[in-house]
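This report looks at how two chains meet and at the strands on one side of their interface. Please keep the sequence and the coordinates at hand while reading.

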Amino acid sequence: MKYRSVFDIIGPVMLGPSSSHTAGAVRIGHLARALFGREPRAVTLHFFGSFAKTFRGHATDVAALAGVLNIPMDDPDIRNAAAIASERGISVAYVPEDAVPAHPNTLKVELSDDAGSMSATGISIGGGMVQMTEVDGFSLRLSGESPALLIFHKDAYGTIASITRLLAEGCININHMEVSRSDRGQTALMVIETDEQVAPEVIENMNRQKNIYKVITLNI
Amino acid sequence: MFRNISELVEQAGDGSISGVMLEAEAESTGKAKEEIISRMADQLQVMKRSAREGLQGLRARSGLCGGDALLLDRYIQKGSRLTGGAFPRAVNYAVAVNEANAHMGIICASPTAGACGVLPGVLLAAQEHLGKSDEAITMALFCAGAVGLVIANNACISGAQGGCQAEVGSAAAMAAAAVTELAGGTAEQAANAAAIALKNMLGLPCDPLAGLVEVPCIKRNAGGAANAMAAAEMALAGIKSMVPCDEVIETMYRIGINMSPSLRETAQGGLAGTPTGRRWKSLLWENESPQPQP
């Protein structure tokens with residue numbers, strides 16, 4: 001089931017005018033920022049489908065940028081996201097795309113700074129609910145409703161077991177897990193959504209395991 | 001957890017859909033019922049604030065809409081000429097909340113922002129008319145939420161996926177069920193009210209001018225509220241929907257996926273494609289900061 005709580009329907013409390021095109025865009029921005037882990041210096045927002053046609057009218061552009069800037073969903077400052085970004089010296093580009101996406105409300109967020117860059121794509125499925133569908137070229141399904149780990153690793157036997165063993169030892173329950181391989185060589189992505197937040201020492205331990213390239217944590 | 005409306009009615013038994021939703025929420029989240037009710041009471045206060053804000057006579061930046069809730073308020077105070085009771089106020093408050101939304105005010109999506117006027121419109125008007133407490137309206141919101149959850153999981157609630165029938169249609173079904181229970185109807189009557197309300201909005205496209213949640217969205221919320229009231233009156237009179245609610249929900253989904261993309265929130269077809277719609281689009285989309293028109 002896509003919607004679990006009564007507050008997915010009677011909510012969110014948000015700034016108008018559109019739950020899918022404004023609130024959903026804020027949420028995708030929040031998740032992209034959380035995955036990047038820090039404030040970016042440059043932001044490029046790509047709009048697809050219905051987003052590409054109506055992003056100005058629904059303030060999807062302003063909303064997505066506000067999300068990347070970590071402005072809360074019900075904060076009237078969302079309206080001033082462009083001015084806030086320029087005050088902080090963050091460069092922003094908006095790109096309406098012609099390509100027809102799998103879901104009509106698709107937003108791709110590219111974030112970068114001197115230390116690196118990341119791309120993340122999300123879809124807004126209605127009523128402010130979203131799913132992240134891509135990170136750095138890897139496809140995934142991430143609701144952002146629970147804490148999550150994104151583990152980039154070498155596609156080798158025993159790697160998944162080494163991670164799940166650490167979670168078991170930390171008494172962390174997994175509520176959703178998936179693994180995808182890119183065609184870019186031998187890298188794979190493990191996405192693990194958990195009931196509890198994963199302690200920093202467990203993450204450190206994961207980073208020390210063989211064949212682990214990078215661990216991104218999403219703390220909700 | 002219930003998977004469809006018939007399970008919801010069955011689980012309610014002689015009790016209410018609101019009660020089933022509250023139990024299910026407590027069970028799935030592990031939270032105390034008092035905490036869940038208190039959060040819902042907060043959502044109701046957001047709805048009330050947005051209605052009050054809209055009644056001030058807000059004008060949207062685009063120049064496309066605004067001030068209509070205030071006109072209705074004055075008209076009703078002088079004595080509306082055709083209908084009375086909760087009906088004209090339901091229309092009035094639905095417009096007010098949606099004008100607040102178009103003005104980028106703080107609203108509670110129910111189930112979406114584009115359709116956020118229907119449920120408060122119906123429930124706040126019924127509250128005044130029936131003299132109900134905030135606690136009673138808060139419980140009615142659980143009934144609305146239960147119907148919305150079924151629709152969202154078995155069909156869709158976004159205009160981009162299913163057209164306006166998925167947004168205002170869903171909101172009308174939710175409001176119809178909630179106000180039926182509020183007025184003393186049974187769970188089965190509430191389900192019939194939801195089915196009737198949604199049937200009456202099947203096929204409705206999402207075709208706003210210039211892609212803004214303004215025209216025709218605000219008046220469609222008023223239409224959704226009026227339709228919810230009509231459906232609730234029928235259900236309370238003992239009228240049944242010949243097609244069961246779950247089949248109506250499935251129908252809404254099938255109509256939605258067969259609807260041309262030009263009618264699903266792309267500002268291309270329907271009213272958006274009229275000469276007036278195209279004129280507003282070129283006016284508003286060329287300008288980076290739209291100015292109000294005379």
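The sections below describe a predicted model, beginning with the interface and ending with the strands of chain A.

## Extent of the interface

In this model, 35 residues of chain A are in contact with 49 residues of chain B, and the two chains bury about 3400 Å² between them, with 63% of that area on carbon and sulfur atoms. On the side of chain A, the residues that lose the most area to chain B are A:F7, A:I9 and A:I10, which together account for 21% of what that side buries.

## Character of the contacts

The rule for salt bridges finds zero across the interface of chain A and chain B, whereas 15 residue pairs, both partners at pLDDT 80 or more, are in polar contact between these chains. The elements of chain A that give two or more residues to this side are β1 (13-15), α1 (19-36), α2 (50-54) and β5 (116-126), and by class the side holds 14 nonpolar, 15 polar and six charged residues.

Strand pairing also crosses between the chains: β1(A) and β1 of chain B (residues 106-108) run antiparallel over three bridges, with A:M14 having B:I107 as its bridge partner.

## β5 of chain A and its neighbours

β5(A) is mostly covered, since nine of its 11 residues are buried. This strand pairs in the antiparallel sense with β4(A) (residues 105-113) over eight bridges, and a hairpin of two residues joins β4(A) to β5(A).

Six bridges join β5(A) to β6(A) (residues 129-135), again in the antiparallel sense. A:T121 of β5(A) stands opposite A:K108 and has A:E134 as its bridge partner in β6(A). In the hairpin of β5(A) and β6(A), which has two residues between the strands, A:G127 takes a positive phi near 65°.

Notes:
Residues numbered from 1 in each chain as written. Chains lettered and ligands numbered in written order. Predicted model: local features only at pLDDT ≥ 70, side-chain atom pairs only at ≥ 80, totals over all residues. Heavy atoms only, no water. Contact = heavy atoms within 4.5 Å. Buried area = accessible area lost by both parts, 1.4 Å probe. Salt bridge = Lys/Arg side-chain N within 4 Å of Asp/Glu carboxyl O. Polar contact = N/O pair within 3.5 Å; in protein donor to acceptor, adjacent residues only side chain to side chain. Helix = DSSP H or I, 4+ residues; strand = E, 2+ residues; numbered from the N terminus. Nonpolar A, V, L, I, M, F, W, Y, C, P; charged D, E, K, R; others polar. Pairing = 2+ DSSP bridges. Buried < 20%, exposed > 50% of the residue type's maximum accessible area, 1.4 Å probe, protein only.
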